[in-house]
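Let's take a walk through this structure together, one element at a time. Have your viewer ready, and turn the model as you read.

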Amino acid sequence: VTANVEQLEKSTWSHAIFQGQKYSQSGATDYPTHATERLIAKAKSNNITPILFPEHPQRGDPSEAERVYNLHQSISQQELSCVAPVGLVWNRVLDVMPTVELHHADGNHASYAGKVLTAMTFYEIITGELADAIPYNPALQLDQQQQALFGQIVTQVLLEHPACPQS
């Protein structure tokens, strides 16, 4: 935590994304959130917008997305911050496109497409520009329909679950 605080103190970042809050995959155990809350407070004291990054669910466990998102929402209620609804975006994409491979073969980590989807979520949160307005880019190595659908879903989920508190 000390190294992270030092980075926040000497940075000129506009935003900082925090991923690392320990959580129970089963939901049976609660872990302290004080360290995360301290990092959020330090970011804000340095005029950095903190964004919590609740991870995507493991393959086959969509309920994990909601559980981890809710945990991060509770942290944000203690120390005001943005919460990226990454897992909720992933769940929606998998509902609409059940054959898309968002996970790496291990079922835990993100595949290339999953990384692009997550990046599109952060793009909209940080820039304020709608992900569904991102023009097709063949360099993203997704077909045009998949890229467009990813953008539409990111924008829709962020409308339903705004990441940042309204001032």
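The paragraphs below go from the sheet to the side-chain pairs, and then to the helix and loop residues around them.

Keep in mind from the start that this is a predicted model. A good place to begin is the sheet, which is open and built from three strands in the order E1-E2-E3, with parallel pairing. Strand E1 (15-18) and strand E3 stand at the edges with a single partner strand each, so one side of each has no neighbour in the sheet. In general, the strands of a sheet pair through backbone hydrogen bonds, in either a parallel or an antiparallel way.

Now look at the two pairings in turn. E1 and E2 run parallel and are joined over four bridges, and His-15 stands opposite Thr-49 of E2. On the other side, two bridges link E2 to E3, again in the parallel sense. There, Leu-52 has Val-83 of E3 opposite it.

What do the two faces of E1 look like, covered or uncovered? Ala-16 and Phe-18 make up the covered face, while His-15 and Ile-17 make up the uncovered one. The general background is that side chains in a regular strand alternate between the two faces of the sheet. Phe-18 also turns up in the largest nonpolar core, which has 40 residues. Phe-18 is among the members that touch the most other members, a group that also includes Leu-8, Val-93, Leu-102, Leu-117, Phe-150 and Val-154.

Phe-150 deserves a closer look. Leaving aside residues up to four places away in sequence, Phe-150 touches Val-93, Met-97, Val-100, Leu-102, Ala-113, Leu-117, Met-120 and Leu-142. Three of these names, Val-93, Leu-102 and Leu-117, are also in the group of core members that touch the most others.

Next, follow E3 to a covalent link. A search of the whole structure finds one disulfide, and this bond joins Cys-82 to Cys-164 with an S to S distance of 2.0 Å. Cys-82 lies in strand E3 (residues 82-83) and Cys-164 in the segment after H6, so the pair ties together parts that are 82 residues apart in sequence. Which hand does the disulfide have? The torsion about the S-S bond is about 110°, so the disulfide of Cys-82 and Cys-164 is right-handed. The two ends have their own surroundings: Cys-82 counts as buried because its relative accessibility is 4%, whereas Cys-164 is partly exposed at 25%.

Pro-165 also lies in the segment after H6. Pro-165 has a relative accessibility of 37% and therefore counts as partly exposed. Its C-alpha atom is separated by 7.6 Å from that of Leu-80, although the two residues are 85 residues apart along the chain. Beyond residues up to four places away in sequence, Pro-165 touches Leu-80, Ser-81 and Cys-82. Cys-82 is thus a residue to find twice, as a contact of Pro-165 and as a partner in the disulfide.

Another long-range link is aromatic. The structure holds one aromatic pair. The ring centres of Phe-53 and Phe-122 are 5.0 Å apart and their planes stand at 75°, so the pair is edge-to-face. Phe-53 lies in the loop between strand E2 (49-52) and helix H3 (63-78), and Phe-122 in helix H5 (residues 112-127), so parts 69 residues apart in sequence are tied together. Phe-53 counts as buried at 14% relative accessibility, and Phe-122 is buried with a relative accessible area of 9%.

Two polar residues round off the tour. Gln-147 sits in helix H6 (residues 144-160). Is Gln-147 buried or exposed? With a relative accessibility of 3%, Gln-147 counts as buried. Its side chain reaches the backbone nitrogen of Asn-137 at 3.2 Å. Apart from residues up to four places away in sequence, the contacts of Gln-147 are Met-120, Ile-134, Pro-135, Tyr-136, Asn-137, Leu-140 and Leu-142.

Finally, go to Ser-111 in the loop between helix H4 (86-96) and H5. Ser-111 is buried because its relative accessible area is 13%. Ser-111 and Glu-101 are ten residues apart in sequence, with their C-alpha atoms 6.8 Å apart in space. Glu-101 is one of the residues Ser-111 touches, along with Leu-102, His-103 and His-104, not counting residues up to four places away in sequence.

Conventions
Residues numbered from 1 in each chain as written. Predicted model: local features only at pLDDT ≥ 70, side-chain atom pairs only at ≥ 80, totals over all residues. Heavy atoms only, no water. Buried < 20%, exposed > 50% of the residue type's maximum accessible area, 1.4 Å probe, protein only. Polar contact = N/O pair within 3.5 Å; in protein donor to acceptor, adjacent residues only side chain to side chain. Contact = heavy atoms within 4.5 Å. Core = buried A, V, L, I, M, F, W, Y, C linked by side-chain atoms within 4.5 Å. Disulfide = S-S within 2.5 Å. Phe/Tyr/Trp six-rings, centres within 6.5 Å; stacked < 30°, edge-to-face > 60°. Pairing = 2+ DSSP bridges.
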